[in-house]
Amino acid sequence: MLADLGEDARPLAGGHSLIPMMKLRLAEPAHLIDLAGIGELKGIRADGGDVVIGAMTTQHEVIAEAALAAKLPLLRETALQIADPQVRYLGTLGGNVANGDPGNDMPAVMLCLGASYHIVGTKGERRVAARDFYQGVYQTALEPGEMVTAIRVPAPPAGHGAAYEKLKRKIGDYATAAAAVILTQSGGRVATCSIGLTNVGTTPLWAEDAARAVIGTALDPATVKKAVAHAEAITSPASDNRGPAEYRTKMAGVMLARALARAKSRAA
Ligand SMILES: Cc1cc2nc3c(=O)[nH]c(=O)nc-3n(C[C@H](O)[C@H](O)[C@H](O)COP(=O)(O)OP(=O)(O)OC[C@H]3O[C@@H](n4cnc5c(N)ncnc54)[C@H](O)[C@@H]3O)c2cc1C
């Protein structure tokens with residue numbers, strides 16, 4: 001149906017981004033294709049070392065699934081910081097990552113975790129790394145007629161530590177700035193690290209240089225400062241009602257420093 005109806009049609013998942021956009025007349029699709037009846041888009045399963053989460057799995061289900069929380073605590077911690085329970089009962093993981101809004105929390109976490117998206121269209125199925133998916137505000141690698149069917153997350157190594165730190169003006173708000181960190185340690189030093197940033201650019205950001213700066217170190221204050229400087233350098237937030245651009249860049253650095261410290265404290 002998506003392919004037949006073309007650009008006039010939009011998939012409807014939880015509706016908690018799309019319906020507000022329609023109310024504001026920022027989106028005026030002639031056709032909505034309700035994904036709720038497609039059972040295959042639901043559910044969380046293991047596939048080899050990966051966890052595969054159906055696109056229509058709600059944020060509430062991500063929080064409630066104990067096995068997922070044990071394997072990927074970062075997803076639960078992030079989902080708990082999205083909006084409020086009412087939104088999370090309907091809002092889906094697929095809608096959150098496919099929306100293309102840099103304010104959504106899950107995309108930066110998916111960059112951090114090295115996730116990929118299963119995408120289906122009339123030409124078949126393909127898989128796109130989250131790190132290659134986001135192209136601009138509401139611009140993604142999805143071609144007309146394609147949709148995300150599942151999110152594939154490689155299970156992080158045992159003993160990893162992870163954290164999502166989000167600054168928001170009030171409960172239920174989008175991030176002024178947020179940072180996701182996952183790391184492992186060996187002999188008191190950081191062995192691996194990956195970092196994602198939310199809402200401080202036109203896309204979610206994968207802070208490669210910042211992560212590289214902490215690998216091999218004991219995360220001493222000078223190293224954290226270096227990592228924060230690398231992260232701040234790739235941000236380009238808008239000045240808006242969450243604060244001027246300079247403030248939001250600084251807050252991205254503060255969130256990163258906190259996330260690094262918490263991830264370290266959680267790593268075995
Ligand atoms: C008051 C409020 C506060 C919020 N706060 C936050 C917050 O702090 N953090 C946050 O991350 N989000 C927040 N949200 C957004 C919420 O998490 C949305 O539910 C989510 O972003 C989109 O998921 P959805 O299932 O509702 O998608 P929908 O609104 O149904 O769809 C969103 C977009 O993605 C497309 N789409 C949906 N599913 C697919 C798919 N499988 N494949 C391809 N395209 C698809 C739709 O066509 C649409 O363009 C908030 C929403 C509200 C109303």
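**A walk through a predicted protein model**

Of the 268 residues that make up this protein, 52% count as buried. The structure shown above is a predicted model, and the values that follow were computed from its atoms. We can begin with the protein as a whole and then turn to a few places along the chain.

The secondary structure of the protein comes to 12 helices and 13 strands. The radius of gyration is 18 Å, close to the 18 Å that the globule rule gives for 268 residues, and the protein is therefore as compact as a globular protein of that length. If one follows the C-alpha trace along its principal axes, the spans come to about 55 × 45 × 35 Å. The contacts add another view of the fold: when those with a separation of 6 or more are considered, residues 24 or more positions apart account for 58% of them.

The outside of the protein can be described in a similar way, for the protein exposes about 12300 Å², and carbon and sulfur atoms supply 54% of this area. The protein also has 28 positive and 26 negative charges, and the mean positions of these two groups are 8 Å apart.

How many disulfides does the structure hold? A disulfide is a covalent bond between the sulfur atoms of two cysteines. The structure holds zero disulfides, and Cys112 and Cys193 let us see this in detail. Cys112 is in no disulfide, and the nearest cysteine sulfur, which belongs to Cys193, is 7.5 Å away. Seen from the other side, the closest cysteine sulfur to that of Cys193 is the one in Cys112, and at 7.5 Å it is too far for a bond, since a disulfide calls for sulfur atoms within 2.5 Å. Both residues are nevertheless covered, because buried means under 20% relative accessible area, and the value is 2% for Cys112 and 14% for Cys193.

Cys112 also leads us to helix H8, where it is one of the buried residues. This helix runs over residues 106-113 and is mostly covered, with eight of its eight residues buried. Besides Cys112, the buried residues of H8 include Met106, Pro107 and Ala108, as well as Val109, Met110, Leu111 and Leu113. After H8 the chain continues with Gly114, whose phi is positive, near 70°.

Which residues other than glycine have a positive phi? Tyr138 is one of them, with a phi of about 60°, and it lies in the loop between strand E7 (134-136) and strand E8 (139-140). Asn199 is another such residue, with a phi near 65°, and its place is the loop between strand E12 (189-198) and strand E13 (205-206). As for their surroundings, Tyr138 is partly exposed, with a relative accessible area of 39%, whereas Asn199 counts as buried at 11%.

A last stop is Tyr89, which lies in helix H6, residues 85-90. With which residues is Tyr89 in contact, leaving aside its neighbours within four places in sequence? The answer is Thr58 and His60. The C-alpha atoms of Tyr89 and Ile63 can be compared as well, for these two residues are 26 residues apart along the chain, and their C-alpha atoms are separated by 10 Å.

Notes. Residues are numbered from 1 along each chain as its sequence is written. This is a predicted model: local features need pLDDT of at least 70, side-chain atom pairs count only at pLDDT 80 or more; totals for chains, interfaces and linings use all residues. Side-chain values use heavy atoms; hydrogens and water are left out. Helices (H or I, at least four residues) and strands (E, at least two) are DSSP runs, numbered from the N terminus. The radius of gyration is taken over C-alpha atoms; the globule rule is 2.2 Å times the number of residues to the power 0.38. Buried means under 20% relative accessible area, exposed over 50%, partly exposed in between (1.4 Å probe, protein chains only). Contact means heavy atoms within 4.5 Å. Accessible areas come from the Shrake-Rupley method with a 1.4 Å probe; for residues, only the protein chains shown count as cover. Lys and Arg count as positive and Asp and Glu as negative; His and the chain ends are not counted. The place of a charge is taken as NZ of Lys, CZ of Arg, CG of Asp or CD of Glu.
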